[in-house]
Amino acid sequence: MIDLNDLLEQVWPMATQQAVPTESVSLNNALGRVLAQDVFSSLNVPQHDNSGMDGYAVCCTDIQPSRRFQISQRVPAGASPQPLQPGTVARIFTGAPIPPGADSVVMQEDVVVNDDGSVTFSALPKSGQWIRRAGEDIASGQVVLSQGTRLDAIHVGLLASIGVPTVSVNRRLKVGVMVTGSELQSPGQLLQLGQIYNSNEYVWCGLLEAMHADVRSVGIVPDNFEATCAALESLADCDAVISSGGVSVGEEDHVKPAIEKVGQLRSWKVAMKPGKPIAFGHINRQDGGQSWFFGLPGNPVSSAVAFQLIVKPFLSLLEGQGLAEVDWRLRTRKVQAAFTWPTPDSRREEFLRADVQSDKASLFANQSSGVLTSLARSSGLVRLAKGQQVNPGDWVDYVSYQDLMK
Ligand code: AMP
Ligand code: MG
């Protein structure tokens with residue numbers, strides 16, 4: 001049995017060293033992709049000093065209260081202004097460039113327009129007011145986004161704001177999914193005695209789609225050695241394959257011998273609860289390549305937790321993200337237990353489903369690894385070391401599902 005931290009430290013460098021190749025995509029196709037290079041800005045944003053208001057561009061030292069000023073030019077957004085004639089003002093609109101010689105904008109609400117078309121100011125403007133400075137958002141030469149960033153909508157907008165039409169990203173991961181179990185039935189079908197609905201496939205596909213992976217699922221595979229080998233081999237051209245169930249050592253568990261036949265098993269027991277039987281290895285391809293393989297337990301909570309804690313960061317590294325971006329351990333924080341945990345597991349660390357409000361953690365009543373509602377009705381996982389007893393008021397490590405999704 002290997003400790004979770006040791007497993008992570010062992011497998012993460014493998015993913016980092018074999019990140020998938022890069023490609024260039026247009027901004028329209030960049031959402032959710034991982035940047036393969038730092039992106040620098042070749043321009044200032046905004047490019048020129050411009051007006052933050054509809055109003056009048058003025059030279060502050062010219063302005064005296066109750067004096068009438070002529071409007072010498074009109075500068076809408078998109079126009080190129082002339083230098084400001086001394087002793088006059090320029091009509092200006094939001095986003096329009098500030099005329100050379102003007103050093104301040106007075107908003108139109110603070111200006112009286114006289115019958116003769118001249119304007120009068122009630123208060124003395126401050127130098128620089130309502131001017132948005134060139135480069136105040138982004139300076140030319142600045143790194144706007146770093147390699148390894150998974151691009152969200154704001155990131156894509158930032159790239160557009162510096163005029164970048166295409167970006168270099170790592171190609172999307174192709175991830176194979178299979179769920180083993182002769183008892184499994186698909187939603188929409190009637191359950192016969194002893195059958196249960198397959199939920200793991202839906203959880204994983206959803207989590208993988210949230211990572212913008214290209215998911216290929218072969219669905220339900222019966223508990224039989226040949227069918228398990230065939231399913232694994234049919235997914236071998238994926239970057240990684242995830243299977244659920246059949247990974248213990250019962251007579252109906254075929255994943256371990258199957259992966260030993262079609263590839264190689266590197267480790268298969270992790271000292272964590274829920275979890276434990278978690279296989280890691282690879283499937284051999286005909287062309288000499290290989291696909292990474294994770295065999296997770298069938299219990300819905302174990303499978304979802306193992307996915308989030310082990311598989312997701314591995315896949316993110318494979319897609320070119322950096323260690324700092326994927327290490328969820330950096331996102332754990334201390335919360336105060338509002339529960340007791342008197343009989344901890346002495347051989348495995350435990351991840352308890354907890355609801356945290358104002359830094360106080362209460363446990364979901366049923367911590368069984370088969371109870372999927374425990375994940376639906378909690379906000380995250382309390383991480384306990386092997387043998388860690390908890391009394392109310394103790395500070396414990398916690399990571400929220402929201403932070404695990406990052
Ligand atoms: P296993 O790891 O195959 O021994 O399965 C452990 C438990 O998880 C059993 O109660 C299975 O019925 C259940 N299980 C296995 N696969 C799934 C699945 N795809 N969806 C929901 N439950 C499952
Ligand atoms: Mg099974």
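**Close-up views of the predicted model**

**View 1. Pro-274 is found in the loop between β20 (272-273) and β21 (277-284).** Strands here are DSSP runs of E with at least two residues, numbered from the N terminus. The peptide bond that joins Lys-273 and Pro-274 is cis, with omega at about 0 degrees. Residues are numbered from 1 along each chain as its sequence is written, while chains are lettered from A and ligands numbered from 1 in the order in which they are written. The model is predicted, local features need pLDDT of at least 70, side-chain atom pairs count only at pLDDT 80 or more, and totals for chains, interfaces and linings use all residues; side-chain values use heavy atoms, without hydrogens and water.

**View 2. A second view shows the cis peptide bond between Val-45 and Pro-46.** Omega for this bond is about -10 degrees. Pro-46 belongs to the loop between β2 (39-40) and β3 (50-51).

**View 3. Trp-130 has a positive phi.** The angle is about 55 degrees, although Trp-130 is not a glycine. Its place is the loop that runs between β10 and β11 (131-132).

**View 4. Strands β5, β10 and β9 form an open sheet in that order.** The pairing in this sheet is antiparallel (two strands pair if DSSP finds at least two bridges between them). At the edges stand β5 (68-69) and β9 (111-113), each with a single partner strand, so one side of each has no neighbour in the sheet. Strand β10 (residues 119-121) is joined to β5 by two bridges. Opposite Arg-68 stands Thr-120 of β10.

**View 5. Strand β4 pairs with β7 and with β8.** Between β4 (residues 55-58) and β7 (residues 89-92) there are three bridges, and the sense is antiparallel. Ala-57 has Ala-90 of β7 as its bridge partner. Four bridges link β4 to β8 (residues 104-107), again in an antiparallel run. Here Tyr-56 stands opposite Val-106 in β8.

**View 6. Ligand 1 is surrounded by 16 residues.** Glu-183, Asn-198, Ser-199, Gly-246 and Gly-298 come nearest (a residue is near if one of its heavy atoms lies within 4 Å of the molecule). By class, the shell has six nonpolar, nine polar and one charged residues (Ala, Val, Leu, Ile, Met, Phe, Trp, Tyr, Cys and Pro count as nonpolar, Asp, Glu, Lys and Arg as charged, and the others, Gly among them, as polar).

**View 7. Glu-183, Asn-198 and Gly-298 place N or O atoms within 3.5 Å of ligand 1, the limit for a polar contact.** A polar side-chain atom of Glu-183 is 2.6 Å from an oxygen atom of the ligand. For Asn-198, a polar side-chain atom lies 3.0 Å from a nitrogen atom of ligand 1. Gly-298 uses a backbone N or O atom, 2.9 Å from a ligand oxygen atom. On its own, ligand 1 has 490 Å² of accessible area, of which the protein covers 77% (Shrake-Rupley method, 1.4 Å probe).

**View 8. The space taken by ligand 1 is the largest pocket.** Two elements, β14 (174-180) and β16 (196-197), give two or more residues to the shell around ligand 1. A pocket is an open set of points on a 1 Å grid over the protein atoms alone where a 1.4 Å probe fits, with protein on both sides within 12 Å along at least five of seven lines.

Notes:
Polar contact = N/O pair within 3.5 Å; in protein donor to acceptor, adjacent residues only side chain to side chain. 1 Å grid on protein atoms, 1.4 Å probe; cavity = no way out; pocket = protein on both sides within 12 Å on 5 of 7 lines; lining within 4 Å. Sits in = over half its atoms within 2 Å of the grid points.
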